[in-house]
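Please work through the exercises below with the sequence and the model open beside you, and try each task before reading its solution.

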Amino acid sequence: MPNFFDRVIEAVRGPASFDDSQISNEWFKAHFFYATDLIHDWMGKELNLSQAKLLNFGCGDGISDLALMLRYGAKRIHGIDVRQEYKKLPTIAKEQLKLQRLPSGLTFETIKPSQPLAGKHQVDGIMSWSTFEHVQRDQVLPIAKDLLNCLRPGGLFFLQIEPLYYSAWGAHLRRYIDVPWVHLLISEDELWQRIQAYEGELDMGEVDYGFDDFGVDGYKRFVFKEYQHLNRLTADELIAIMREAGFEVVREQKNHMQDEPPAQLLTQYPREILTNNEILLLLRKPAA
Ligand SMILES: C[S@@+](CC[C@H](N)C(=O)[O-])C[C@H]1O[C@@H](n2cnc3c(N)ncnc32)[C@H](O)[C@@H]1O
């Protein structure tokens, strides 16, 4: 993370230059462009990113935070996560962007799950990308309340989940089992057997930088455990929890896939829930 010398160098020389014309990693590309454009599209109209203090809840490797700073002029972002993938960011950014040092306003913090943040952090905006489906279900409301308390009155929270659990790829297992809704059709044991048996290539757009640490079998175990811990929230449940926490909904968008769910599942679940693969929310802390 930026150290004292990086700060001094940035103060003297200005921001480090970068080159995004030769990005080779698909995961990096998807976060540096697609996710960041969307976050900017939702937050940038309401907040002046160059002035705002931002917090990213579940920042992962921090690629989209870096992109928000390099591409959209955000100046202060604090990434929070229970893992430490963000420690790889200086190396990744050097490889993919030829960036010699991270912006000094980009900071990161490791927390324990559900560790309170309010009191320590007071920000203008919060974002959370593909994270809230991983939070233990009974912790979603307390965490939402805590994040509300991290915001100044009128502050904004952009929250995205994709894929939602009951949608075609909601298990987050597509890199191993390319069968829509498979997690709702076969048992957990069968899912694990199919993952273990998989020997093909992985779609690199879905493979995060953790793969190198885990290796082939370790990554299978990691991805399957992530699946087992998904909280299975639907979009409406999430919205209800956020309202209960005290947020106002400024904007919401539910995206649906066109694929036809299996007839068997349509007798068990509403079509709306089976086809709704993404929820995008812009929430506001009411002005005092
Ligand atoms: C699918 S990853 C997404 C990471 C990042 N937002 C991205 O788009 O690459 C989910 C992230 O949420 C983090 N996470 C899960 N539960 C969390 C919690 N209770 N508090 C903070 N982070 C959490 C995980 O460690 C992981 O980095």
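The exercises that follow concern a predicted model and the interface of its two domains.

**Exercise 1.** Work out which residue ranges make up domain 1 and domain 2, and what distance separates their centres.

*Solution.* Begin with the domain assignment, which gives domain 1 as 4-165 + 232-284 and domain 2 as 182-228. Then take the centres over C-alpha atoms, and domain 1 and domain 2 come out 24 Å apart.

**Exercise 2.** Describe the area buried between domain 1 and domain 2, and name the residues of domain 1 that lose the most area.

*Solution.* The area buried between the two domains is about 1,400 Å², with carbon and sulfur atoms giving 58% of that area. On the side of domain 1, the residues that lose the most area to domain 2 are Trp27, Arg83 and Tyr165, which together account for 39% of what that side buries. Counting contacts next, 19 residues of domain 1 touch 15 residues of domain 2.

**Exercise 3.** Find the salt bridge across the interface, and then say which helices supply the side of domain 1 that touches domain 2.

*Solution.* The rule finds 1 salt bridge across the interface of domain 1 and domain 2. Lysine 88 and aspartate 213 form a salt bridge in which the closest N and O atoms are 2.6 Å apart, and this lies within the 4 Å cut-off. Polar contacts across the interface come to 6 residue pairs. Helices H2 (26-43), H4 (89-97) and H10 (263-266) each supply at least two residues of the side of domain 1 that touches domain 2, and H2 gives the most, with 3 residues. Sorted by class, that side of domain 1 has 9 nonpolar, 4 polar and 6 charged residues.

Note on methods
Residues are numbered from 1 along each chain as its sequence is written. This is a predicted model: local features need pLDDT of at least 70, side-chain atom pairs count only at pLDDT 80 or more; totals for chains, interfaces and linings use all residues. Side-chain values use heavy atoms; hydrogens and water are left out. Domain bounds come from an automatic or database domain assignment. Contact means heavy atoms within 4.5 Å. Buried area is the accessible area (1.4 Å probe) that two parts lose on being put together, summed over both. A salt bridge is a side-chain nitrogen of Lys or Arg within 4 Å of a carboxyl oxygen of Asp or Glu. A polar contact is a pair of N or O atoms within 3.5 Å; within protein, one must be able to donate a hydrogen and the other to accept it, and residues adjacent in sequence count only if both atoms are side-chain atoms. Helices (H or I, at least four residues) and strands (E, at least two) are DSSP runs, numbered from the N terminus. Ala, Val, Leu, Ile, Met, Phe, Trp, Tyr, Cys and Pro count as nonpolar, Asp, Glu, Lys and Arg as charged, and the others, Gly among them, as polar.
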